[in-house]
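Student: I would like a close look at the spaces in this protein. Please walk me through the cavity and the pockets, and then set them beside the packed interior.

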Amino acid sequence: MQLKKVAQAKLPTPWGVFTMVGFEELATGKDHVALILGDIEQNKPILTRVHSECLTGDALFSLRCDCGFQLEASLKQIAKEGLGILLYHRQEGRNIGLLNKIRAYALQDQGYDTVEANHQLGFAADERDFTLCADMLELLGVKQIKLLTNNPEKIRVLTEAGIKIVERVALEVGENPYNEHYLETKAQKMGHILHLHPLDNELIKK
């Protein structure tokens, strides 16, 4: 176990009143959060989203990625179901950190794709550790989930860590002319399960 549960409180949102649970990494002191809606102590699979921190998308409305769109859509879908968990996994920029993420953006501005930019900076395409999310679920007493994701790596890591994923729920939102190439790269080079379609570039004028 890499984490401990530290505190919890109510968090009212536009989609409902969630319980916010804070976790701390034992080795580093770094913190992560779970947002819980409804009684998760039920003997049935819980709709769950593993959402990695993205300051630019989640808070600054960036159109370079689909992260902010996925965050909002996940909370809406959990609210619609009336039961679910969003794990806010604080590994910014696929765990290369905010400043390196900005450096990667600068390389993307020069024509590199998201994977190539990470490699240019000396990182893997994805540096995240999803075993932390399995630990959060274990501390919450959740063993079976319906996972909101397009990323097969999340499915693999959580399954190997002992979490039973009974269903993958697709989460394809936020495609626009600014992130079209980014999404194509995620599908082609990182194996994300996406059904991309040609975009009307007049949707958002550059």
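Tutor: What follows goes through the cavity, the pockets, the cores and two backbone angles in turn. Keep in mind that this is a predicted model.

Start with the enclosed space. The count comes to one cavity of 30 Å³ or more. About 420 Å³ of space lies in it. Its lining is made of 28 residues. Nearest the centre of this cavity lie Cys67, Arg94, Arg128, Tyr182 and Lys186. Which elements build the wall with at least two residues each? They are strand E4, helix H2 (67–81), helix H3 (92–95), helix H4 (98–109), helix H5 (114–120) and helix H8 (180–190). H4 gives the most, with four residues. By class, the cavity lining holds 12 polar, nine charged and seven nonpolar residues.

Now the open spaces. The largest pocket has about 350 Å³ of space. It is lined by 18 residues. Trp15, Asp58, Gly68, Leu71 and Glu72 lie nearest the centre of this pocket. Two or more lining residues come from each of strand E1 (3–13), E3, helix H1 (55–59), H2 and E5. H2 gives the most here, with five residues. H2 also supplies at least two residues to the cavity lining. The pocket wall has 12 nonpolar residues, four polar and two charged.

The second largest pocket has a volume of about 230 Å³. Of its 15 lining residues, Arg64, Gln108, Tyr178, His181 and Tyr182 are the closest to its centre. Tyr182 is also among the residues nearest the centre of the largest cavity. H4 and H8 are the elements that give this second pocket two or more residues. The largest share, four residues, comes from H8. By class, the lining divides into six polar, five charged and four nonpolar.

Next, the packed interior. The largest nonpolar core has 25 residues. Those with the most contacts inside this core are Ile40, Ile85, Leu87, Leu140, Val142, Ile145 and Leu158. Its contributors of two or more residues are strands E2 (16–25), E3 (31–37), E4 (46–52), E5 (84–89) and E6 (144–148), with helices H6 (131–139) and H7 (152–160). H6 gives the most to this core, with five residues. A second, separate core has 13 residues, including Leu37, Ala73, Leu86 and Leu171.

Take Leu140 as one example from the largest core. What does Leu140 touch, once neighbours within four places in sequence are left aside? Leu140 is in contact with Val21, Phe23, Ala34, Ile36, Ile40, Ile85 and Leu87. Ile40, Ile85 and Leu87 are themselves among the residues with the most contacts in the core.

Some elements serve both a core and a space. E4 gives two or more residues to the largest core, and at least two to the cavity lining. E3 and E5 contribute to the largest core and to the lining of the largest pocket.

Last, two backbone angles. Phe61 has phi near 65°, a positive value in a residue other than glycine. Phe61 sits in the loop between H1 and H2. Is Phe61 buried or exposed? Phe61 is exposed, with a relative accessible area of 69%. Asn95 also has a positive phi, near 75°. Asn95 is placed in helix H3. Its relative accessible area is 30%, so Asn95 counts as partly exposed.

Notes:
Residues numbered from 1 in each chain as written. Predicted model: local features only at pLDDT ≥ 70, side-chain atom pairs only at ≥ 80, totals over all residues. Heavy atoms only, no water. Core = buried A, V, L, I, M, F, W, Y, C linked by side-chain atoms within 4.5 Å. Buried < 20%, exposed > 50% of the residue type's maximum accessible area, 1.4 Å probe, protein only. Contact = heavy atoms within 4.5 Å. 1 Å grid on protein atoms, 1.4 Å probe; cavity = no way out; pocket = protein on both sides within 12 Å on 5 of 7 lines; lining within 4 Å. Points joined across faces, edges and corners; volume = space filled by probe spheres on them. Nonpolar A, V, L, I, M, F, W, Y, C, P; charged D, E, K, R; others polar.
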